[in-house]
Each structure stands twice: as C-alpha cells, then as structure tokens.
Amino acid sequence: MEGKVLKTQQQQQPLLTPYKLGNFNLSHRVVLAPLTRQRSYNNVPQLHAILYYSQRTSRGGFLITEATGVSDTAQGFKDTPGIWTKEQVEAWKPIVDAVHAKGGIIFCQIWHVGRVSNKDLQPNGQAPISSTDKALTPQIRSGGVEVAQFSPPRRLRTDEIPQIVNDFRVAARNAMEAGFDGVEIHGAHGYLIDQFLKDQANDRTDQYGGSLENRCRFALEIVEAVVNEIGADKVGIRLSPYADFMESGDSNPKALGLYMVEALNKYGILYCHMVEPRMKQGQEVGECPESHSLLPMRKAFKGTFMAAGGYTRDDGNKAVAENNADLVVYGRLFLANPDLPRRFELNAPLNKYDRNTFYTPDPVIGYTDYPFLEDNGNA
C-alpha cells in the first residue's frame, strides 16, 4: 500500500521522479544550490561542514558545494573555502565521504571572485584582478547591516589570462583528488567569469573584450581546460545572463545566454545551471517576464538543464512537468530544511530561513541547527 501511495505522489510531483544525470542515477530532481556559508576558517573547510552537507544528503540526491576558490587571489569574503592547497583538498575529503556514505552525489563549485574583493583578502595586499579596472560601489549584505567594501581592481593583462585558466584546471583536478563527483564552474553573479561575459563590466579592447565571441572566450577557455583535465561528463557551469548582480549586467542577455549554451554544446558538458531572471541583485523581483525566459537556452542546450531562482515546491513541479528544466535548484529553502525532498514528498510545512545567520561564522547557528521533520514530531 505504501508503495502505491508513493507512486501516486511521484505522479503528482515530477520533482520526485528519478533522473539520469550522465553517469549518475538521481532519485529525485531537487538539487542543493551552491550557498556561500563563510564557515571555512582561514579558507579551509571545517569538520562542522561534514554534518551540514550530510544533513542535506538523500540517497540519489544531487548537491553542489558552496563556491570554492581556485587560488589565493580568488577570495572575496572572509572564511570561504578554497581548493588550491593540499590542506584544503584533505579537508574536503571527509565532507565528500559523508555525502557518499548516504548515497548522495556532490560537485564542487569552483570560482574566482575577481573584483568582488578587497586588498585585505588578497596576497600581499595587492589589488584584486578583473576584466576591468572599474571599481565596484560598496554593497549591503543580508540584514541590511554589513557593508562590503571593494578595492579598485587591476585589469588582467592578456598574457596573464592563461594562468587564471590554469588555476581553474588545477582546482578541478584537486576536486577529483578530494573525491568529488565533478565540478561546477561558477560563471554567474558578477564574479570573475561574469565580469568577462557582461558588457557592463568588460571594457577590454583585446581578444577578451568587445564582441560577444570575445567576451565569452575566457569562460570557454576555462570550460575547455577543465573538460580536458577531468572529462566533460564531470563538468557543469552556472550562468546568470539576466542578472546584474555586482554591477555585471549585459545589454543583450538573451543573445549572451544563447551564444554560451550553443558554444557549450561543442564541449559536451554534463549540465548548464541557469539563474532565473526574476532574481535581481540577489533578491526576488516576482515573476519573470516572458521576454526574459530561460526557455530559449533550455531548448538550445543539449545536456541537462538546471534552473534556480526562488522556486517553490509548486514552481519546481511545474517547471519539470512542462519540460522547462530537468532539475530544479533550491537555496534558501534547502538551507532551512535539510530534509527538503522529504518535506516536498509529504507536502509538510517548511522551516523559515533566518537571513541574519546566512553568513555568520558560527559552526552551528543558522548552519546545522535547522530541524528535521522528525524533530518536530511530524514525521
């Protein structure tokens, strides 16, 4: 009887149906989003992350780590993890093992923040590197209290770019050494790759600036290097063509998104993870207009397509049912509900997230203390 009930629920909930992601057999389509948590003291993942990630693991569930720096110039926020040193690689291993022990699949999101940084976070107090030397205006983070100050960046010379590409390649190799199932290249939300992609931030006159093809060159060189290092079947990318986060907007986001997915098809990567245009400046702005739909990118991309950006349970079921996405990526809801797929299955009430504890350094509060259904006596 229980099996019949579950089958009926799955028919009603496309999110809970199995999916074959390349070589990985997923039991459902609810993905843990990459979420910056700032609890990796001195850029080294900590033991408390073992519990955090394992709490959010279900058998056949897919997880993406918080953004993880590819080098000592990649950091933009205090206590975010890296994967460029042996110590960091070793620290990731028990976290990955804990996810695998529960039957989960986990990819490491590799990033470089570019100009979204401060000289105090850079080696030898140097200027952050970017596609440009245009400085960012200060930004207010969650809770409206903390103001992030950014140092004026230094425009990368053309001959320096291959080294940054290589940093991503080495980070991908390190991720595989740590036991990850693959990597997601962070090409979204105004960080370094996005600074090259978007014409608001890219004012270069060399082969990495100007035309759409030139602006996408850096991102695609990184994809190629990572694919050559670890295999296309272990590579995904996150893009946000419509977002203008960190002053990285584009004058023609649809053309940018389409150009990128069509170029990515040539490399045969596993998935493309795109952020809905309803997310502006990291905040939801209601329904996205039809003209800003991800649908053209979804149709053009030949691999698995993941969508993110303020989805609810019903939104996610609808997206899968209407074939607008293969998998749906959840951030804040998954943060506050470590058993989110189970809650969706039962249509159980959701814990509310506390925005004020998103980025605190505490190893428990706002991190591993969100209750499971059984803790509430509702299981």
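This short talk goes through a group of parallel strands, one helix pair and three loop residues.

Before the details, please keep in mind that what we are looking at is a predicted model.

Let me begin with strand 16, residues 304-308, which is mostly covered, since five of its five residues are buried. If you follow the side chains along strand 16, you will see that Thr 304, Met 306 and Ala 308 point one way, while Phe 305 and Ala 307 point the other way, and all of them are buried. On one pairing, strand 13, residues 271-275, runs parallel to strand 16 and is joined to strand 16 over five bridges, and within that pairing Met 274 stands opposite Ala 307 of strand 16.

Strand 16 also pairs with strand 17, again in the parallel sense, and here the number of bridges is three. Two of the partnerships are worth picking out on the screen: Met 306 has Leu 327 of strand 17 as its bridge partner, and Ala 307 has Val 328 of strand 17. How does the chain get from strand 16 to strand 17, and what is the hand of that crossover? The chain passes through helix 9, residues 313-321, on its way from strand 16 to strand 17, and this β-α-β crossover is right-handed.

Turning to strand 17 itself, residues 327-330, we find Leu 327 and Val 329 pointing one way and Val 328 and Tyr 330 pointing the other, with all four residues buried. Strand 17 has a parallel pairing with strand 3 as well, where residues 30-32 of strand 3 are joined to strand 17 by three bridges, and in that pairing Val 30 stands opposite Val 328. Val 328 is therefore a residue to keep in view, as the bridge partner of Ala 307 and as the residue opposite Val 30.Let me now move to the helices, where helix 4, residues 161-177, packs against helix 6, residues 212-230, at an angle of about 35° and with the two axes 9 Å apart. Helix 4 passes helix 6 in a right-handed crossing. On the helix 4 side the contact includes Ile 161, Ile 164, Val 165 and Phe 168, and on the helix 6 side it includes Phe 218, Ile 222, Ala 225 and Val 226. Charged residues take part too, among them Arg 169 and Arg 173 of helix 4 and Glu 221 and Glu 229 of helix 6. By class, the contact comprises 11 nonpolar residues, four charged residues and no polar ones.

The remaining points concern loops. Leu 294 is found in the loop between strand 15 and helix 8, and is Leu 294 buried or exposed? Its relative accessibility is 5%, and because the cut-off for buried is under 20%, Leu 294 counts as buried. Setting aside residues up to four places away in sequence, Leu 294 touches Tyr 242, Met 274, Val 275, Glu 276, Pro 277 and Phe 305. Of these, Pro 277 is 17 residues from Leu 294 in sequence, with a C-alpha to C-alpha distance of 7.9 Å.

Finally, there are two backbone conformations to check. Most residues other than glycine have a negative phi. Gln 38, however, which is not a glycine, has a positive phi of about 55°, and Asn 323, also not a glycine, has a positive phi of about 65°. Gln 38 sits in the loop between strand 3 and helix 2, and with a relative accessibility of 9% it counts as buried. Asn 323 lies in the loop between helix 9 and strand 17, and at 48% relative accessibility Asn 323 counts as partly exposed.

Notes:
Residues numbered from 1 in each chain as written. Predicted model: local features only at pLDDT ≥ 70, side-chain atom pairs only at ≥ 80, totals over all residues. Heavy atoms only, no water. Buried < 20%, exposed > 50% of the residue type's maximum accessible area, 1.4 Å probe, protein only. Pairing = 2+ DSSP bridges. Right-handed = clockwise from strand over helix to strand, strands pointing away. Axes fitted to C-alpha atoms, helices over the stretch in contact; angles between N-to-C directions. Left-handed = near helix turned anticlockwise from the far one by under 90°. Contact = heavy atoms within 4.5 Å. Nonpolar A, V, L, I, M, F, W, Y, C, P; charged D, E, K, R; others polar.
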